[in-house]
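Work through the following exercises with the sequence and the model side by side. Each task is followed by a solution in steps.

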Amino acid sequence: MTDTPHIHLGSLLRTSSDAHAAGNLDHLSYEQGGETQTLRFVRPAPYRIDVNPLGGNEMYLQGSFAPTIMMECARCLRDVEVPLDLRLGTLLRYEPSADAPYLEEAETGEEVLVFGDPDLDLSAYLAETALLQAPLTVLHAPDCKGLCQVCGHDLNEGPCEHMAQVPVEEIDDLLGTPEGSAHTTQHPFAALRDLKLPED
Ligand SMILES: [Zn+2]
Ligand SMILES: [Zn+2]
């Protein structure tokens with residue numbers, strides 16, 4: 001189960017036959033910027049990959065990948081399981097001189113996965129696809145009350161003495177804002193007025 005997702009494209013390149021790979025992954029390890037990154041999944045993540053030749057050194061990869069990743073609730077920081085159901089579809093190009101597989105943008109704007117080893121390691125491709133399609137922020141519940149910014153108390157478990165100083169709206173405003181950015185002005189009861197909740 002911990003094996004890396006490989007697809008063997010040697011015979012596809014020689015005889016123009018199709019290639020297939022499938023399995024379950026509990027994590028992906030891949031190189032990024034010279035460092036090994038690991039993306040762990042909450043439970044075994046099934047993948048299916050089919051590659052069809054398009055002629056020359058080009059082929060088309062399609063398939064599915066359904067990893068469940070762990071993210072932090074943007075307000076209260078508790079762990080949230082985020083199931084993803086990814087459709088895969090990418091042009092491949094074989095270039096014997098290529099080192100590790102990399103994504104390149106074609107003139108059409110389409111992404112092309114360029115690789116040099118016919119025993120193609122899909123770890124980085126699958127990890128990148130999962131991270132790109134994961135939501136930027138998640139809430140463990142649509143009405144999560146967040147943490148008290150004074151004492152850190154989880155307001156989902158009840159109020160603390162600072163309660164009025166922690167409008168949920170402000171927490172919303174800070175979502176996606178770089179750390180250390182200036183606090184917005186506080187309106188003690190704004191939370192009751194302008195609560196913006198995500199659709200799902
Ligand atoms: Zn929460
Ligand atoms: Zn407090």
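**Exercise 1.** Which residue in strand 3 is the bridge partner of Gly23?

Solution. The model is predicted: local features need pLDDT of at least 70, side-chain atom pairs count only at pLDDT 80 or more, and totals for chains, interfaces and linings use all residues. Residues are numbered from 1 along each chain as its sequence is written, while chains are lettered from A and ligands numbered from 1 in the order in which they are written.

Step 1. Find the strands; helices (H or I, at least four residues) and strands (E, at least two) are DSSP runs, numbered from the N terminus. Strand 2 covers 19-32 and strand 3 covers 35-55.
Step 2. Strand 2 and strand 3 run antiparallel, joined by 13 bridges; two strands pair if DSSP finds at least two bridges between them.
Step 3. The partner of Gly23 is Tyr47.

**Exercise 2.** Place strand 4 in its sheet and describe its two faces.

Solution.
Step 1. The sheet is open, with six strands in the order 2-3-4-7-9-8 and mixed pairing. Strand 2 and strand 8 (102-105) each have a single partner strand, so one side of each lacks a neighbour in the sheet.
Step 2. Strand 4 runs antiparallel to strand 3, with eight bridges, and antiparallel to strand 7 (residues 86-94), also with eight bridges.
Step 3. Tyr47 stands opposite Phe65 of strand 4, and Ser64 has Arg87 in strand 7 as its bridge partner.
Step 4. In a regular strand, side chains alternate between the two faces of the sheet. In strand 4, Met59, Leu61, Gly63 and Phe65 make up the covered face, and Glu58, Tyr60, Gln62 and Ser64 the uncovered one.

**Exercise 3.** Is His20 buried or exposed, and why?

Solution.
Step 1. Apply the cut-offs: a residue is buried if 20 or more other C-beta atoms lie within 10 Å of its own, exposed if 12 or fewer, and partly exposed in between, with C-beta atoms placed from the backbone.
Step 2. His20 counts as exposed because it has 11 C-beta neighbours inside 10 Å.
Step 3. His20 lies in strand 2, and its C-alpha atom is 4.6 Å from that of Asp50, 30 residues apart along the chain.

**Exercise 4.** Which residues is Leu126 in contact with, leaving aside its neighbours within four places in sequence?

Solution.
Step 1. Contact requires C-beta atoms, placed from the backbone, within 7 Å.
Step 2. The residues are Pro5, Leu28, Tyr47 and Phe65.

Note on methods:
Contact = placed C-beta atoms within 7 Å.
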